[in-house]
Amino acid sequence: MNHLMPHLRRTRWVASGALAGLCALGLTTASIHPSAAGPALAPRAAAASEGPPLSSYRQAWSDEFNAGFDTSKWTAKEGYRDPKRQYNTKNNVEVSDGTLKLYAKNDGYGTAPYTGAWLSSNYRPKYGYFEARLRMYNAGPGHWGTFWLTGTKSWPPEIDVSENMGNRVSTGQGSYLNYIYEGGSSGKFSRINFTDWHVYGVEWQPGQPLRFYIDGVQRHTAYGQPLTSEMTMLLTHGVGTGTWSGKPDSTTPWPGIFEVDWVRHWTK
Ligand SMILES: [Ca+2]
């Protein structure tokens, strides 16, 4: 039962007014691991719309997209995704005014009628809390913008932290939150308007289900095969021709823009 002691001690510190002194020494209550005082995954403060669900996380990596496209952090693909459909090009990647823009265009390249963009992170983490603030801007049928993770050595696994299909702008189905593993998947539509700015996050810890968050509120819990491999983060904007994102039609605006304010990763 000694696991209760840190919590009791913290309460006494706060009550005695000694907390300010601790902060001045560079010590805060965050040094008391919340899991020591209760369940490993307690709800976060209701007011926090971004950041990890526990204060014991520390930020390990980020790209704020405030200073140009950083090729040390991301690799942009140049090549066909499908020769009959889409070509991914660095020309559709732009960082300006503090955000990343990935364009989907109907300008065509070679045999493909559409061009898109595909970024994979050079950073390949394992476990932690992953989060991005993003929106689909100028979106319509065919556009398909996703913040996701996949295995560095194989697919599956796949974690779709925020998958946005342009043909669903008007349906209210929202972002798709999904975990694909060997032999199954667990996905859920979030019912938010993904053309507005939102913060999307996923928590991945050993022995725990994946927990998906939007604006700090848990929206989906995905059980399935334990995920133990390193993952690559991806930001992609493509053009679909099937039912998943719909086909471009006369209502599709061009270029479609998948806009990302930042991507962050925390570890414990
Ligand atoms: Ca930014």
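Two strands count as paired when DSSP finds at least two bridges between them. With that in hand, welcome to this predicted model. The chain has 268 residues, and buried residues make up 37% of them. Its secondary structure comes to two helices and 17 strands. Among contacts with a separation of 6 or more, 70% link residues 24 or more positions apart.

**How confident is the prediction?**

- The mean pLDDT of the chain is 86, and 82% of the residues reach 70 or more.
- Residues 1–43 are the stretch to read with care, as their pLDDT is below 50. In the model, this stretch has 26 contacts beyond near neighbours in sequence.

**Strand β13 and its partners**

- A good place to start looking is β13, which covers residues 198–204. Seven of its seven residues are buried, so the strand is largely enclosed by the rest of the structure.
- Both faces of β13 are covered. His198, Tyr200, Val202 and Trp204 are buried on one side, and Val199, Gly201 and Glu203 are buried on the other.
- One partner of β13 is β8, made of residues 128–137; the two run antiparallel and are joined by seven bridges. Within this pairing, arginine 133 has valine 199 of β13 as its bridge partner.
- Another partner is β14, residues 210–214, which pairs with β13 in the antiparallel sense over four bridges. Here tyrosine 200 is matched with isoleucine 214 of β14.
- β13 and β14 also form a hairpin, with five residues between them. In the turn, glycine 207 has a positive phi of about 75°.

**Serine 62, a link between distant parts of the chain**

- Serine 62 sits in strand β1, which spans residues 58–63.
- How buried or exposed is serine 62? This residue is partly exposed, because 15 other C-beta atoms lie within 10 Å, a count that falls between the exposed limit of 12 or fewer and the buried limit of 20 or more.
- Serine 62 and histidine 265 are 203 residues apart along the chain, yet their C-alpha atoms are separated by 6.2 Å.
- Beyond its neighbours within four places in sequence, serine 62 is in contact with Trp262, Val263 and Arg264.

**Two cis peptide bonds**

- The peptide bond from tryptophan 155 to proline 156 is cis, with omega near -10°. Proline 156 belongs to the loop between β9 (143–151) and β10 (158–165).
- A cis bond also leads from tryptophan 254 to proline 255, again with omega near -10°. The loop that holds proline 255 runs between β16 (231–239) and β17 (256–267).

**Positive phi outside glycine**

- Phenylalanine 65 is not a glycine, but its phi is positive, at about 55°. You will find phenylalanine 65 in the loop between β1 and β2 (74–76).
- Phenylalanine 65 is buried, because 23 other C-beta atoms lie within 10 Å.
- Arginine 191 likewise has a positive phi of about 55° without being a glycine. Its loop lies between β12 (184–189) and β13.
- Arginine 191 counts as exposed, because it has 12 C-beta neighbours inside 10 Å.

Definitions and conventions:
Residues numbered from 1 in each chain as written. Predicted model: local features only at pLDDT ≥ 70, side-chain atom pairs only at ≥ 80, totals over all residues. Contact = placed C-beta atoms within 7 Å. pLDDT = per-residue confidence, 0-100.
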